[in-house]
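Got the viewer open? Keep the selection panel handy and we'll walk through a few stops together.

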Amino acid sequence: MTITDEDAGPTPTLGLIGPGDLWYKDAVIYSLNVETYQDSNGDGIGDFPGLTSRVDYLHALGITCIWLAPFYVSPNRDNRYDVADYYAVDPRLGSLGDFVDFLRVARERGIRVMIDLVVNHTSNQHPWFLSARSSRDSSYRDYYIWANELPENSDQGMVFPGSESSTWSKSEETDSYYFHRFYWHQPDLNLGNPRVREEIRKIMGFWLEVGVSGFRIDAAPFLIERKGVLSNHAEARRPHTFFRYMRGFLSWRRGDAALLAEANVRMDEVSEYVGAGDKLQLLFNFWWNQHFWLAMATRDARPLAKAIGELALLPPPCQWANFLRNHDELDLSRLSATDRSAVYEAFAPDADMRIYDRGIRRRTASMLGGDRARRELAHSVLLATSGTPVLYYGDEIGMGDELSLSERESVRTPMQWSSSTNGGFSRARDADLVRPMVRDGGFSPAHINVEDQQRDPGSFLNWLHRAIGVRKKCRELSWGRMEALPSAAASVLVVRCSSQNTVLVTVHNFSAEPQSVTIDAGFPLRSGDGPAEVFNDRQYERWPGGAVAFPIAAYGYRWFRATAALDRA
């Protein structure tokens, strides 16, 4: 039977959700692409057996959830976001059995797995589209969006300006045009068609049965735009119901599964994605991300403090997912032209470092010139921000980028495990690697790799392991309320996260100069129990409560945690 929005299954209310169902609140998510992580058979392509061999590494780092980029059968013209079969593993990456074995090992280590759900579009090699373009009478014709004539606005709305010049391409077989927001070889699905929604339900149901804990929703804003108005289906007139449909089915099939949305949207649009807590549970925090990089570029914390105050307050079951970088460009489109120029000047001074008239195609470490102090600062801010932190593979050791590669491929190079051949990623010949290793001397595997940093107690990898451990003890960051506090120094960000009877106050200095900051826990403290410093760049301290001035080093960070008085009378 076809499931509608109304009968997709019960939508959970907060009162019916148990703590285990909200595992994503305490999660530390790690994003990776199987093909660039670890090659097990020497063909130059990462695979699931290779990834499985590295699960213990991720467990030791403190990761509790792995988010996998697409691994489906695909022509692989867009990092496998051009899907040709939603139910099969690309044989170059292994088999479905290899995937299940990986899930088992991850589960035994207490690590959940989320996968990409790419349902805005398919590959033009997907059987649905091959049939749809073959005849106007095809039963799959209305799976996609067609026009007999090229629309007047065909040169508007491209996701990849400069790479694409139109959102419509011609299909010669039927002398008509199909719609595509992304590349021409990725025709958009018609989500206004109930049959397409039913197909998506089956895809989700299949992978939930296999054992995944949720989905990262690719290109979420385009799933609810009214592109389906070209069809005759009633659902096309109410696209905003689609996320409730997905969540209803998800909760019906598996109550603890989660949906993470890629949506760079304005704060007044957030409710379209989370609803009253009955739509998507996690939302990438692009607003925080872009203002974080503005603060780093200008060494002025005020834009980030202001952005924190502007964040939409999410319903209790929902949470922001915070990140420094991901597998795409660093999108700066929500910044003003002046602010975007400031970030460009600081982190992408060359035109080749920029992309799509809105972003930067570099990694965190290379943008910061490999500077250890600023890398610590950046990751301390990330981990000290209320929400769920998302780490990008390789950032834990400070991997750089390879700008000789096209577009966003520059930040998708193979993982650097050791200083040996091909960074320990593969024993294949260089020419057979899925992508070249980073060649930049300072960021090459000879200088940046896991093995060397594991041996060095003072390495960034070991620092990040400790930082993740401290964050896990501070559950205010997962369950509390965050607010930026006034700071006399423009370069210093002071943030308070409160939950029940505890409070965490974190201080970060974005300046190259030492500063002094006055800290106040903000409420009465339990007798004899002053705020204790739990993480910092210097000697730990405790203060008796009240407003006290503390020094903070250049690019320094300090975390103070206190217990409130239970009796506030």
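Start by selecting residues 176–179, which is strand E8 in this predicted model. Add strand E7, residues 168–171, and look at how the two line up: they run antiparallel, joined by 4 bridges. For one of these pairings, pick Lys170 and then its bridge partner in E8, Tyr177.

Now bring in strand E6, residues 146–147. Which order do the strands take in the sheet? Reading across, you get E6-E8-E7, an open sheet of 3 strands with antiparallel pairing. E6 and E7 are the edge strands, each pairing on one side only.

Next stop, a pair of helices. Select helix H9 (residues 286–298) and helix H11 (residues 337–347). Their axes come within 9 Å and cross at roughly 60°, which falls outside the 65 to 115 degree range for roughly perpendicular, so H9 and H11 count as oblique to each other. The crossing of H9 past H11 is left-handed.

Show side chains here. From H9, the contact uses Trp293, Leu294, Met296, Ala297 and Thr298; from H11, look for Asp339, Ala342, Val343, Ala346 and Phe347. Colour this contact by residue type and you'll find 8 nonpolar residues, 1 polar and 1 charged.

Finally, zoom out to the whole protein chain. There are 16 helices and 23 strands to browse. Colour by burial, and 62% of the 569 residues count as buried. Try a contact map too: among contacts between residues at least 6 apart in sequence, 69% join residues at least 24 apart.

Terms used: Residues numbered from 1 in each chain as written. Predicted model: local features only at pLDDT ≥ 70, side-chain atom pairs only at ≥ 80, totals over all residues. Heavy atoms only, no water. Pairing = 2+ DSSP bridges. Axes fitted to C-alpha atoms, helices over the stretch in contact; angles between N-to-C directions. Parallel < 35°, antiparallel > 145°, perpendicular 65-115°, else oblique. Left-handed = near helix turned anticlockwise from the far one by under 90°. Contact = heavy atoms within 4.5 Å. Nonpolar A, V, L, I, M, F, W, Y, C, P; charged D, E, K, R; others polar. Buried < 20%, exposed > 50% of the residue type's maximum accessible area, 1.4 Å probe, protein only.
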